[in-house]
Amino acid sequence: MEETLGATRTETDSLGSIEIPADRYWGPQTERARRLFRIGTERLPPGLIRAVGLHKWACAEANERLGELPPEIARAIREAAQEVAEGRRDEDFPLPVWQTGSGTQTNMNANEVIANRANELLGAPLGSRKPVHPNDHVNRGQSSNDNFPTIMHIAAAEAVEGRLVPALGRLHAALWKRSEEWAGIVKLGRTHLMDAVPMTLGQEFGAWARQVELGIERLRACLPRLLLLPQGGTAVGTGLNRHRDFDRVFCEIIAERTGLAFRPNPNKFEGMAAHDAFVELSGAMNVVAVSLNKVANDIRLLGSGPRAGLAELVIPSDGLSSSIMPGKTNPTQAEALTMVCAQVMGNNVTVTIGGAQGHLELNVFKPVIIHAVLQSATLLADASESFAHNMVEKLEPNRERIAENLAKSLMLVTALNPRIGYDKAVAIGKKALAENLTLKEAAARLGYVSPEEFDRWVRPEEMVEPGATLEGGG
């Protein structure tokens, strides 16, 4: 069913005339796509639209420097593109993710919006297509096939370096601070969810901090491939219809504008037909999601209770509670973070499948790839900052419960292995468990270790470093 339009204007292109909402800057190609692709509610995110504006600004500047555009036309295009980059034209990008797989409709959407706005700035009415033409001027020396993947690279690199890495850095700092603060709190370690030998709470947090740190390293390792831009390949990678220096000049300009070291992809065919760089980046974000899922799960396990669980950490009360159980505190931040991780893992499957669709000279899953990549980056960044501020920085150790659990642990008997041998240590542990004795009592009744020897050899605070049980008295 055709959409009912309010006030409209008529625009004409090679396919004929069409009515367009009078207050919108898009043109015929966008309007046709808007009516054709009525699929879902997902729109290309603001980070990508910002990259569209940066991209068209740099294209106009490069073409002017190379003598391909008159200065007056180039200036108007740049001014209009800057408005797009600043988010002032977001409402003029109505198309869904679910469109042509090359992103052609979004590229034409940008060409039309920028051309119409540039013409308005030059005193011409919307829809005039002169003096600035969407294809001849805004899209000069370009194709959707090299434009859209270039925009993908710009948006992804900005998302990683400008948003995700700093957010993970804040989470890492919060975890590492706790690791240092709680380095002296000796607690029970657990393997297989069962009691194990002692460790410190600081060591536990330090492991999580290291996971996040390695995640940052993995993300940054992807950047060299993200910073290679396929701009200049035009239709299939040959560079037909563009100035021979356009790719080089374009990359110099976009590097200046973003502060990122973009440079031309030496093989434009690879950059347009394959999106392995995004599969790699999504894979790195998938690893980050796996890491954060473990951190969140461990913290909520250690905070379970407050009376019938492990209860070694005190989960901060966030003011939210059960709808039926008064005053109940739940690990809401851990739950939000792990749901984000699940979404990122699912997005990685989408990007993997999308990356595999590079048939011959063009991958035609571009919009869904960048949608998934940017969603993952945004969700991980937001959730990491939220978890750092609302969970990690507000956690407190339950020192009494930690000491109680440690004192009851049968696995402290491990410290006796070098002194009396594994088999005798097993016998002590089994007797203590069966008869509800302390390890010291069981060792004395079996005649394997005197109480004085036990106190000298089984010292939890000395069991958290290599070789500690082999040193000292006895």
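**Figure 1. Helix 1 and helix 4 are oblique to each other.** In this predicted model, local features need pLDDT of at least 70 and side-chain atom pairs count only at pLDDT 80 or more, while totals for chains, interfaces and linings use all residues. Residues are numbered from 1 along each chain as its sequence is written, and side-chain values use heavy atoms, with hydrogens and water left out. Helix 1 covers residues 28-36 and helix 4 residues 104-121; their axes lie 8 Å apart at an angle of about 140 degrees. Oblique is what remains after under 35 degrees (roughly parallel), over 145 (roughly antiparallel) and 65 to 115 (roughly perpendicular). Axes are lines fitted to C-alpha atoms over the stretch in contact, with angles from 0 to 180 degrees between N-to-C directions.

**Figure 2. Residues at the contact of helix 1 with helix 4.** Pro 28, Gln 29, Thr 30 and Ala 33 of helix 1 meet Gln 105, Met 108, Asn 109 and Glu 112 of helix 4 (contact: heavy atoms within 4.5 Å). By class, three nonpolar, four polar and one charged residues take part. Ala, Val, Leu, Ile, Met, Phe, Trp, Tyr, Cys and Pro count as nonpolar, Asp, Glu, Lys and Arg as charged, and the others, Gly among them, as polar.

**Figure 3. Setting of the helix pair in the protein, which has 17 helices and 10 strands.** Helices (H or I, at least four residues) and strands (E, at least two) are DSSP runs, numbered from the N terminus. The C-alpha trace spans about 100 × 50 × 35 Å along its principal axes. Of the 474 residues, 52% count as buried (under 20% relative accessible area, 1.4 Å probe, protein chains only).

Definitions and conventions: Buried < 20%, exposed > 50% of the residue type's maximum accessible area, 1.4 Å probe, protein only.
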